[in-house]
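User: I would like to go through this structure with you, beginning with one of its sheets. Could you take me through it?
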Amino acid sequence: MKQTAEGKQISDKQKAAPLWEALEAYKKKGVVPFHTPGHKLRSGPFTRIAAALGSGFFALDPSDEIEDPSFDNDFELALEAAESLAAELFGAQDTVFLVNGTTGGLHYFLMPVTGTVLVPRFSHQAVYSALILSEGEGVYLPAHFDPDWLIPLPPKIQQVEKLLAENDCQAMVLTHPTYYGTVCDLARITALAKKRNVRVFVDEAHGGHFCFSPDLPPTGLECGAHGVVQSTHKTLGSFTQTSMLHSNDKAWSSKVKQSQRVLQSTSPSLVFLAVLDEVRRVLALQGGDITGQTLELAHSCATRLEQISGVELLPRHLQGDPTKIVFTLRKLGLTGIEVERILRKDYNIQVELSDYYNVLALITVGDSVDHITKLVNAVGDLAARSTHLGGSGLPRHRVQVPGLPPTTHSLREAFFQEQEQIPLAEASGRVSGSFLTPYPPGVPVIVPGEQFTQDIVEYLSWCSAIGWPIRGLMAEEKVTVLKDYNHFCRK
Ligand SMILES: Cc1ncc(COP(=O)(O)O)c(C=O)c1O
């Protein structure tokens, strides 16, 4: 065992990456492959793919069907070894590598649920789709937004306490951190839930890096959660769509694996899984240093942006994860959505997300001083341009984010009912057949089985008018609603 810079006890085995090494060994052997995949580990006619990815990429992509313990590269055994090393590093009893992102992990955690699940309304769509797959019913913690910054805030202790007392919950899901980097008092909320025998699952899609620095918030597992899912691809550098599910709940873990067996492809990409393994190895050896450097870059970025006249940064009391830089140019009359567009068009910079006020720039292991300088210079230039154009402050956001609408059908019932499309403007009183989610941040305003109110119609129309993309809103501003036979009869 050894102790890392951030105080973690890890075994010497962390220096190895068993799955990555098994894959490389298979490549080296040059086995004549009469097995899937069809490219037969060669680039063949796919010259453009080979030119971009390297022909060696194909050789690292055998199917996972090859099992032979007498071989030195039985992929199933290597995957098990890789997952247990990840479990050790992230402080879990059990870890599962995922090829369908945190979306998949949330589905596996929640599919076995049969009772009530406490769900913050600003949960990612994957939590809702997990409920459609399960026999569970969601009880929602209403979203509340910071009045000055209009970002969704994490749930308050009192809110959670009240809903836990009013409902006999089997599980709850918390998002930690939110897309904007805000965090709740996870340890206290988890303790409250556990007192009532409620399982706590944490959507840690944006917090995989937390365990590598004491200057970051505590992880879900450190706060006592039963399980967490992390998008390793979002903050830690693995390939897009690869995540890790960590669990400290033996009984639930076996249900999670059963769910995975039915929901996951029977041909998960070995390259993707092996990249998770290799990323884990590097993090075990250098995670503390890498995260320290990322934090320094983020700090420098925030400090330099703050010095630009007209630029405001998310205040410290709202900031949980300093690697998520949230800023606004509203004093200069620009919406976050406009800033995102101008940064892309005029400066070749793409940020993670924008909303009416804010822009979010993510700083991760992949960033460099050069990236930060480019962003700071571009924002400085843009701020000077808009001041020169006489930009005056952005009108305050006047539309109230609507409260939770009435529910007439369960999510699952509504999802599979007969539906039709009507103009959003005529939807008041009708029951939604789909999710309508201004994205980002991905907080559904209405979900299947809920009834449109006039407030909701007006809010969504406003989002659409300012160019805020709404997932679920169709061409000509149409929405999907359940067919209303009573209504037709009345006519
Ligand atoms: C809070 C949150 N949870 C879950 C997900 C889904 O993660 P993935 O893309 O890894 O499936 C996202 C994706 O953006 C997210 O923002």
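Analyst: Certainly. In this predicted model, four strands make up an open sheet, ordered β12-β13-β15-β14, with antiparallel pairing.

User: Which are the edge strands?
Analyst: They are β12 (312-313) and β14 (353-354), each of which pairs on one side only.

User: What holds strands together in a sheet, in general?
Analyst: Strands of a sheet pair through backbone hydrogen bonds, and the arrangement is either parallel or antiparallel.

User: How many bridges join β13 to β15?
Analyst: There are five bridges between strand β13 (residues 324-328) and strand β15 (residues 358-362), and the two run antiparallel.

User: And which residue in β15 does T328 stand opposite?
Analyst: T328 faces N358 in that strand.

User: Which strands does helix α11 lie across?
Analyst: Helix α11, spanning residues 270-306, lies across β12 and β13, and runs at about 10 degrees to β13.

User: Turning to the whole chain, how many helices and strands are there?
Analyst: The chain has 16 helices and 19 strands. Its radius of gyration is 24 Å, close to the 23 Å given by the globule rule for 491 residues, so the chain is as compact as a globular protein of that length.

User: What box do the C-alpha atoms fill?
Analyst: Along the principal axes, the box is roughly 70 × 60 × 55 Å.

User: What share of the residues count as buried?
Analyst: Of the 491 residues, 44% are buried.

User: And what share of the contacts with a separation of 6 or more comes from residues 24 or more positions apart?
Analyst: Such residues account for 70% of those contacts in the chain.

Terms used:
Residues numbered from 1 in each chain as written. Predicted model: local features only at pLDDT ≥ 70, side-chain atom pairs only at ≥ 80, totals over all residues. Rg over C-alpha atoms; globule rule 2.2 N^0.38 Å. Buried ≥ 20, exposed ≤ 12 C-beta atoms within 10 Å, placed from the backbone. Contact = placed C-beta atoms within 7 Å. Pairing = 2+ DSSP bridges. Axes fitted to C-alpha atoms, helices over the stretch in contact; angles between N-to-C directions.
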